[in-house]
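Q: I'm new to this structure and would like a close look at a single part of it. Could you walk me through that part and then show me how it fits with the rest?

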Amino acid sequence: MIYFTTIFVFLILVLIFESSNNFKKNKFLYFLIYFFLVIFIGLRYWVGGDWGGYATDIAELNADLINSKLYELFYGLNFQPHQGYLLLLYFVSFFSTKIYMVNFIAAMIFCYGLIRLSIKQPYPLLSIYVGYCYFAVVYGMNFTKQSIALGFIMLILSINEKKIKTKIILFLIA
């Protein structure tokens with residue numbers, strides 16, 4: 001519980017000092033917040049409603065199983081509703097820290113979308129604070145697949161309206 005409170009208090013202190021105009025454009029501050037959120041969300045241990053299911057799925061991973069699923073995916077033999085997650089699992093299957101690597105990559109995608117969307121708002125640090133209180137704690141730490149999709153959706157919302165092709169491609173990935 002101390003970890004939740006530490007990030008919460010840190011964001012409140014940063015939010016108090018947001019009134020300075022120079023403070024709003026400090027890229028190092030946004031990188032620091034991104035770094036702490038990725039570490040906090042990505043390196044969690046037995047946290048989340050679906051941790052047991054993901055731990056079981058990832059423990060049973062082997063390259064042959066993933067290769068067969070990817071073969072079915074690319075050659076249209078079997079439609080999988082989570083193709084991107086299969087590609088992520090294929091990448092992670094080569095490492096020994098599988099579940100932590102999946103959570104870490106999911107946290108990087110989720111937090112990048114959160115920070116990018118928050119920077120576009122009139123009060124970016126308030127947006128990050130609200131995003132932490134709900135999105136990061138509920139989605140980022142509980143549902144891995146959904147947090148990746150939500151990160152891509154937040155990234156789509158942060159893109160300029162003139163770049164419609166990029167939005168469509170990211171929406172299809174999400």
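**A nonpolar patch and what lies around it**

A: Happy to. In this predicted model, let's begin on the outside, where Phe28, Phe31, Phe35, Phe36, Ile39 and Leu43 make up a nonpolar surface patch of about 600 Å². Leu43 sits in the loop between α3 and α4 (51-59). Leu43 counts as partly exposed because its relative accessible area is 49%, and partly exposed covers values between 20% and 50%.

Now let's turn to the interior. The largest nonpolar core has 25 residues, and among these Ile33 and Ile41 touch the most other members. Two or more residues of this core come from each of α1 (2-16), α3 (27-42), α7 (98-119), α8 (124-140) and α9. The biggest contribution is that of α3, which supplies eight residues. If you pick out Ile41 and set aside residues up to four places away in sequence, you will find it touching Ala107, Phe110, Cys111, Ala136, Gly140 and Met141. There is also a second, separate core, with 13 residues, including Leu88, Val92, Ile99 and Ile105.

Some of the residues that Ile41 touches lead us on to helix α9, so to speak, and here Ser147 is a good place to stop. Ser147 belongs to α9, which spans residues 144-158. Is Ser147 buried or exposed? With a relative accessible area of 2%, Ser147 is buried, since the cut-off for buried is under 20%. Apart from residues up to four places away in sequence, Ser147 touches Ala106, Phe110, Tyr139 and Gly140. Phe110 and Gly140 are thus among the residues touched by Ile41 and also among those touched by Ser147.

Further along in the numbering, Met154 also has its place in helix α9. Met154 counts as buried because its relative accessibility is 4%. Which residues does Met154 contact, leaving aside its neighbours within four places in sequence? They are Phe110, Gly113, Leu114 and Leu117, so Phe110 turns up here once again. You can also compare positions along the chain with positions in space: Met154 and Arg116 are 38 residues apart along the chain, and their C-alpha atoms are separated by 7.6 Å.

Next, have a look at helix α6, which covers residues 83-92 and has Tyr85, Leu86, Leu88, Leu89 and Val92 as buried residues. Why do these residues line one face of the helix? Viewed down the axis of α6, the buried residues fall within an arc of 160 degrees, so they line one face. Two of them, Leu88 and Val92, are included in the second core. Phe91 is in α6 as well, but it counts as partly exposed because its relative accessibility is 42%. Between the C-alpha atoms of Phe91 and Met101, which are 10 residues apart along the chain, the separation is 9.6 Å.

Finally, let's step back to the whole chain. It has 10 helices and zero strands. Of its 174 residues, 37% count as buried. Among the contacts in the chain with a separation of 6 or more, 67% are between residues 24 or more positions apart. The accessible surface comes to about 10600 Å², and carbon and sulfur atoms account for 68% of that.

Key
Residues numbered from 1 in each chain as written. Predicted model: local features only at pLDDT ≥ 70, side-chain atom pairs only at ≥ 80, totals over all residues. Heavy atoms only, no water. Helix = DSSP H or I, 4+ residues; strand = E, 2+ residues; numbered from the N terminus. Buried < 20%, exposed > 50% of the residue type's maximum accessible area, 1.4 Å probe, protein only. Contact = heavy atoms within 4.5 Å. Core = buried A, V, L, I, M, F, W, Y, C linked by side-chain atoms within 4.5 Å. Patch = residues over 30% accessible without salt bridge, like charges linked within 9 Å, V, L, I, M, F, W, Y side chains within 5 Å. Areas by Shrake-Rupley, 256 points an atom, 1.4 Å probe, with all protein chains shown as cover. Salt bridge = Lys/Arg side-chain N within 4 Å of Asp/Glu carboxyl O. Arc of directions from axis to C-beta.
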